[in-house]
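Thank you all for coming; I would like to walk you through one structure this morning, slowly, for those who have not seen it before. Please have a look at it on the screen before I begin.

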Amino acid sequence: MASQGKVAFITGANKGLGLETARGLGKLGIAVVIGSRDEANGRSAADKLKGEGIEKVEAVQFDMTKIADYARIANYLEEHYGKLDILVNNAGVMLDDGEFGNPNGFNTTSTVTQDVLHKTFETNFFAVVALTQTLLPLIKKAPAGRIVNLSSILGSLALHADPKSPIYSTKAFAYDASKTALNAFTVHLAQELRDTKIKVNSAHPGWVKTDMGGSAAPMELSEGGKTSVMLATLPDDGPTGGYSHVGETLPW
Ligand SMILES: NC(=O)c1ccc[n+]([C@@H]2O[C@H](COP(=O)([O-])OP(=O)(O)OC[C@H]3O[C@@H](n4cnc5c(N)ncnc54)[C@H](OP(=O)(O)O)[C@@H]3O)[C@@H](O)[C@H]2O)c1
């Protein structure tokens with residue numbers, strides 16, 4: 001996909017995989033708008049990329065959980081770019097039940113609180129749907145829009161149900177279910193947009209060293225950004241409605 005004149009908006013791009021995706025797209029000459037809920041963090045992320053020689057990058061304050069921010073970012077993109085070529089729905093949370101008094105760890109299925117479930121779904125699912133709906137008219141103004149939903153292998157029902165799969169024993173219920181729901185959004189939206197040039201895909205970045213992934217993760221950030229960049233720059237004959245990790249399809 002030719003990069004010239006394209007613009008990408010990436011949520012949660014002040015650090016981790018979002019920042020790495022901004023770096024990857026910026027290096028291709030795509031103008032990158034970094035969404036960051038903390039304005040100063042966003043600005044310093046943009047400055048960092050500029051220091052690395054990426055010219056077309058800027059930061060905009062954006063909180064997934066603030067409905068007013070959706071229209072604000074849509075107006076901003078409309079005014080400054082007139083369209084949106086690439087939306088990377090990257091921002092996400094994995095909440096620990098521990099802070100709500102559960103000693104059993106992450107999102108334990110039998111004990112996960114309603115609070116953790118609601119907060120997880122709010123950022124990882126409801127906000128992604130609402131933001132995408134708001135930005136869709138702008139994405140339709142681009143010649144060939146790309147929507148990348150940052151899912152996870154932990155959203156795969158097929159792998160969770162298979163005792164032989166590597167994730168069988170890794171069950172953070174709220175997080176996993178929110179990513180399964182996100183995968184449903186990918187499939188449904190791709191079907192609705194099947195007669196357009198817009199492609200919608202779910203990405204599994206790998207288990208990557210970030211604040212969320214932790215230091216035990218085997219993948220470095222430089223590797224972890226590859227799937228998002230790949231799906232954000234798919235050629236016209238690339239897949240839509242898929243779920244993949246660096247080009248390899250995952251089972252739903
Ligand atoms: N790392 C992995 O191994 C891995 C594996 C599979 C999938 N993923 C997915 O990849 C995506 C990025 O993860 P990561 O590892 O880079 O995590 P991370 O380092 O924790 O970064 C998460 C980003 O999301 C932002 N965010 C969270 N809530 C937000 C909100 N309400 N509004 C705006 N931004 C918000 C964070 O902003 P603040 O800095 O303000 O908190 C941060 O920029 C997530 O969707 C995650 O589920 C990660």
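How many Å separate an oxygen atom of the ligand from an N or O atom in the side chain of N14? I should say at once that this is a predicted model, and in that model the separation is 2.8 Å. The protein covers 92% of the 900 Å² of accessible area that the ligand has on its own.

Staying with the ligand for a moment, there are 28 residues around it, and those that come nearest are L17, N90, Y175, V208 and T210. V208 also places a backbone N or O atom 2.8 Å from an oxygen atom of the ligand, while K179 has a polar side-chain atom 3.0 Å from an oxygen atom of the ligand.

L17, which I have just named, brings me to helix α1, where L17 is one of the buried residues. This helix is mostly covered, with 11 of its 12 residues buried, and among the elements that cover those buried residues are the strands β1, β2 and β4, together with the helices α2, α7 and α8. As for its length, the 12 residues should span 16 Å at 1.5 Å a residue, and because the end C-alpha atoms are in fact 17 Å apart, the helix agrees with that expectation.

What follows α1 in the chain is also worth pointing out. L28 sits in the loop that runs between α1 and β2, and this residue counts as partly exposed because its relative accessible area is 40%. If we set aside residues up to four places away in sequence, L28 touches S3, V229 and T233. By contrast, the C-alpha atoms of L28 and P218, which stand 190 residues apart along the chain, are separated by 26 Å. G29 also follows α1, and its phi is positive, near 90°.

Let me turn now to helix α3, which takes in residues 67–80, 14 residues in total, and which reaches 21 Å from its first C-alpha to its last, close to the 20 Å expected. Which residues of α3 are buried? They are D69, Y70, I73, A74 and L77, and because they cover an arc of only 135° around the axis, they are placed on the same side of α3. The face turned away from that buried side carries the exposed residues A68, N75 and E79. The cover over the buried residues of α3 includes the strands β1, β2 and β3, as well as the helix α4.

Taking D69 as an example from this helix, its relative accessibility is 7%, and therefore it counts as buried. Apart from its neighbours within four places in sequence, D69 is in contact with Q61, F62 and D63. Just after α3 comes G82, which takes a positive phi of about 75°.

I would like to end with a residue that has a positive phi although it is not a glycine, namely V246, where the angle is about 35°. V246 is found in the loop between β7 and β8, and is it buried, partly exposed or exposed? With a relative accessibility of 37%, V246 counts as partly exposed.

Definitions and conventions: Residues are numbered from 1 along each chain as its sequence is written. This is a predicted model: local features need pLDDT of at least 70, side-chain atom pairs count only at pLDDT 80 or more; totals for chains, interfaces and linings use all residues. Side-chain values use heavy atoms; hydrogens and water are left out. Helices (H or I, at least four residues) and strands (E, at least two) are DSSP runs, numbered from the N terminus. The expected span of a helix is 1.5 Å times one less than its number of residues. Buried means under 20% relative accessible area, exposed over 50%, partly exposed in between (1.4 Å probe, protein chains only). The arc is that of the directions from the helix axis to the C-beta atoms. Contact means heavy atoms within 4.5 Å. A residue is near a molecule or strand if one of its heavy atoms lies within 4 Å of it. A polar contact is a pair of N or O atoms within 3.5 Å; within protein, one must be able to donate a hydrogen and the other to accept it, and residues adjacent in sequence count only if both atoms are side-chain atoms. Accessible areas come from the Shrake-Rupley method with a 1.4 Å probe; for residues, only the protein chains shown count as cover.
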